[in-house]
Amino acid sequence: MQENQARIFTEKFFYDGLNYLDFQMLDCISGAASPLGAWVMKERLAANGVQVSTTTIGRRLKELEAQGYVVQRSNLGRILTKKGEDYLQHVNYILRKSRLTQDIIETVSVKHYLQLVNIYQARRGLETEAARLAAASATAEELAELRENTRRYKALSRAGATEHEILQVSLEFHYIIAKICKNQFITLLLNMILNENAQFEKTLKNPIIYNQSDQYADEHDGITDAIAAGDSEGAAALMMEHMNSIINREETQIGFMNSGCLLSPADGRAQSQ
């Protein structure tokens, strides 16, 4: 993976921009020969493509210190604690594995709809378990984020939004559940698969995700209700149904394509070639 690609991949890996900034700051401190202050860190972050004010850096440093990742050394700046070193080492390990996996994915990238179905099948089991875990661990703030996403999805579906907008808000729902399930391995795997899914949806101009957006928005709402109620089994069952619904429609589309028909972009009905 080229340096610029690796930087972009790392930024997307964290999903939350604040977590990405914290990681970059800890990485800068780790690579310094002496305690690092906000002004020097601002320059080093800029060299890594991260533009941020010294005020924000100072605020984040205080938060990282409160969490036990860094410690102040007189007026010279901050250094990593043992906890900070262990955290950075762990994240870099996960990142290296993720980049390697991404390189493999790009080498054997999906070329047609049948392989897109394979991606959905890979997502199905992981997302079912993610929904189950999310129902047991979601905080009020996380539920609010999920509710806001489903609200936007419904609004965009009714407003006739662009394909890109529909795809983005739809996948964001699944990214959020992957995040709040609080299983780092499920989160990591789903983030990689969802990133790949997004790329091929755009490449293939897949009509199903857009034509069925009203139904999928309702299904997202039902999953959210189950998670909010702490109903782990219900959330898992609804997610399984949701993924099966998508897979069945994709397989139907493949059947039409193989028989010399296409799905009409307007209403999803079979159309002779």
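**View 1. Ile177 and its contacts away from its own stretch of chain.** Setting aside sequence neighbours within four places, Ile177 touches Ala130, Ala131, Ala134, Leu146, Ile223, Ile227 and Met239, where contact means heavy atoms within 4.5 Å. This is a predicted model, in which local features need pLDDT of at least 70 and side-chain atom pairs count only at pLDDT 80 or more, while totals for chains, interfaces and linings use all residues. Residues are numbered from 1 along each chain as its sequence is written, and side-chain values use heavy atoms, with hydrogens and water left out.

**View 2. The largest nonpolar core.** Here you can step back from Ile177 to the 38 residues of the largest nonpolar core, in which Leu146, Ile177, Ile227 and Met239 have the most contacts. Such a core is a set of buried Ala, Val, Leu, Ile, Met, Phe, Trp, Tyr and Cys residues joined through side-chain atoms within 4.5 Å; buried means under 20% relative accessible area, exposed over 50% and partly exposed in between, with a 1.4 Å probe and protein chains only. At least two residues of this core come from each of α6 (113-137), α7 (140-159), α8 (163-180), α9 (184-204), α11 (213-228) and α12 (232-258). The most generous helix is α8, which gives 10 residues. Helices (H or I, at least four residues) and strands (E, at least two) are DSSP runs, numbered from the N terminus.

**View 3. A second core.** Separate from the largest one is a core of 27 residues, including Leu26, Ile29, Met41 and Leu45.

**View 4. Arg44 in helix α3.** Now find Arg44 in α3, which spans residues 38-47. Arg44 is partly exposed, with a relative accessible area of 35%. Beyond its neighbours within four places in sequence, Arg44 is in contact with Cys28, Gly31, Ala32 and Leu36. Ile29 is 15 residues from Arg44 along the chain, and their C-alpha atoms are separated by 9.8 Å.

**View 5. The hairpin of β1 and β2.** Strands β1 (residues 70-73) and β2 (residues 77-80) run antiparallel and are joined by four bridges; two strands pair if DSSP finds at least two bridges between them. Look for Val71, whose bridge partner in β2 is Ile79. Three residues lie between the strands of this hairpin, and Ser74 takes a positive phi near 45 degrees.

**View 6. The whole protein.** To put the close-ups in context, the secondary structure comprises 12 helices and four strands. Of the 273 residues, 43% count as buried. Among contacts with a separation of 6 or more, 68% are between residues 24 or more positions apart.
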